[in-house]
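Subject: Structure handover

Hello,

Here is the structure I promised to pass on. Please open it next to this message, and then read the notes below.

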Amino acid sequence: MNQNEKQASDAETILARITGGKSELRYSRDKIIYSQGDPASFVFYVRVGSVKVAVVSQEGKEAVVAILQPGSFCGEECLTGHTLRMGTVTALTECVLVRMPKASIIRALHDDPQFSELFTTYLMERNIRVQEDLVDQLLNSTEKRLARLLLILANYGKEARPEPIVSRINQETLAEMIGTSRTHVNFFMNKFRQLGFIEYDGDTKGEIKVNRSLLNVLLHQKPQAAQ
């Protein structure tokens with residue numbers, strides 16, 4: 001059992017102790033799990049699959065702010081006094097999520113030290129990721145931002161080898177996540193493919209295989225003003 005599998009097993013053991021309205025829900029690809037503005041009263045744990053988190057401005061502009069993999073939580077804003085959802089979460093693949101009422105999470109945070117450690121560690125890691133994303137957005141080129149995103153989605157650094165990233169994540173979504181146009185993403189995706197850094201068919205109609213050589217883009221390119 002590798003480290004990721006052990007962590008998932010430990011998390012499942014801890015989550016199994018949570019009682020009071022917990023349920024397992026299955027979602028097909030492109031199914032909305034909850035929408036921005038919906039009542040916020042549950043926290044979700046991603047057991048299988050990947051989900052997209054997006055927010056829409058008052059002007060109607062949508063931005064993808066995260067793609068969550070197995071082992072992630074979402075909907076935790078309900079624990080901080082928010083009564084309405086701050087974003088929309090959509091299944092990118094066939095998904096299995098655990099839905100837990102706000103009251104059950106609060107009780108577990110008070111009564112179960114292992115759950116408290118699991119949950120707070122996840123939030124801290126996510127907060128660090130947000131800070132890294134901000135630095136990336138401000139200091140790095142489009143090419144480097146895209147390379148970093150692909151490596152993150154491939155779980156680079158968490159496995160002995162990167163694994164194919166989520167199926168059918170299109171270039172528009174990638175562009176929204178790094179703050180650029182689809183044209184720029186298409187240019188660099190083709191460049192990465194020609195250099196052998198990634199393998200994919202067209203506009204990511206299937207899985208994207210991310211090769212370790214893509215790390216060269218991060219190591220050999222100096223930070224510069226964002227394009």
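To start with one residue: is Glu76 buried or exposed? Glu76 is buried, since its relative accessible area is 15% and the cut-off for buried is under 20%. Glu76 sits in the loop between β6 and β7 (88-91). Setting aside neighbours within four places in sequence, Glu76 is in contact with Val43, Phe119, Leu123 and Arg126.

Please keep in mind that this is a predicted model.

**Overview**

The chain has 227 residues, and buried residues make up 40% of them. Its secondary structure comes to seven helices and ten strands. Take the contacts between residues at least 6 apart in sequence: 72% of them join residues at least 24 apart.

**The sheet with β8**

One open sheet has four strands, in the order β1-β8-β3-β6. The pairing is antiparallel. Strands of a sheet pair through backbone hydrogen bonds. β1 (23-27) and β6 (73-74) stand at the edges. Each has a single partner strand, so one side of each is left without a neighbour in the sheet.

β8 pairs with two strands here. Five bridges join β1 and β8 in the antiparallel sense. Ser23 has Arg99 in β8 as its bridge partner. Strand β3 (residues 42-48) is joined to strand β8 (residues 95-101) by six bridges, again antiparallel. Val48 stands opposite Val96 in β8, and Tyr45 stands opposite Val98.

How many of the seven residues of β8 are buried? Six are, so β8 is largely enclosed by the rest of the structure. Helix α2 (residues 102-111) lies across β3 and β8. The helix runs at about 75° to β8.

Lys22 is worth a look here too. Lys22 lies in the loop between α1 (3-15) and β1. Lys22 is partly exposed, with a relative accessible area of 31%. Not counting residues up to four places away in sequence, Lys22 touches Leu15, Ala16, Val98, Arg99, Met100 and Pro101. Lys22 and Ser104 are 82 residues apart in sequence, but 8.1 Å apart in space, C-alpha to C-alpha.

**The sheet with β4**

Another open sheet of four strands has the order β2-β7-β4-β5. Its pairing is antiparallel. Which strands stand at the edges? They are β2 and β5 (62-68), each with a single partner strand, so one side of each lacks a neighbour in the sheet. From one strand to the next, the twist averages 30°.

Strand β4 (residues 51-56) pairs with β5 over six bridges, in the antiparallel sense. The bridge partner of Val53 is Ala66 in β5. Helix α5 (residues 171-178) packs on this sheet and touches β4 and β5. The direction of α5 makes about 95° with that of β5.

**Helix α6**

Now turn to helix α6 (residues 182-194). At 1.5 Å a residue, its 13 residues should span 18 Å. The end C-alpha atoms of α6 are 18 Å apart, which agrees.

Which residues of α6 are buried? Val185, Phe188, Met189 and Phe192 are. These four cover an arc of only 105° around the axis, which puts them on the same side of α6. On the other side, Thr183, Phe187 and Gln194 are exposed. Gly196, just after α6, takes a positive phi of about 80°.

**Aromatic rings**

The structure holds eight aromatic pairs. One of them is Tyr34 with Phe44. Their ring centres are 5.6 Å apart. Their planes meet at 35°, so the pair is tilted; the tilted class runs between the cut-offs of 30 and 60 degrees. The pair links distant parts of the chain, with Tyr34 in strand β2 (residues 32-34) and Phe44 in strand β3, ten residues apart. Both Tyr34 and Phe44 are buried.

There is also a ring cluster to find. Ring pairs link Tyr45, Phe73, Phe115, Phe119 and Tyr122. Two of these names have come up before: Tyr45 stands opposite Val98 in β8, and Phe119 is in contact with Glu76.

Best wishes

How values were computed. Residues numbered from 1 in each chain as written. Predicted model: local features only at pLDDT ≥ 70, side-chain atom pairs only at ≥ 80, totals over all residues. Heavy atoms only, no water. Pairing = 2+ DSSP bridges. Contact = heavy atoms within 4.5 Å. Axes fitted to C-alpha atoms, helices over the stretch in contact; angles between N-to-C directions. Expected span 1.5 Å × (residues − 1). Buried < 20%, exposed > 50% of the residue type's maximum accessible area, 1.4 Å probe, protein only. Arc of directions from axis to C-beta. Phe/Tyr/Trp six-rings, centres within 6.5 Å; stacked < 30°, edge-to-face > 60°.
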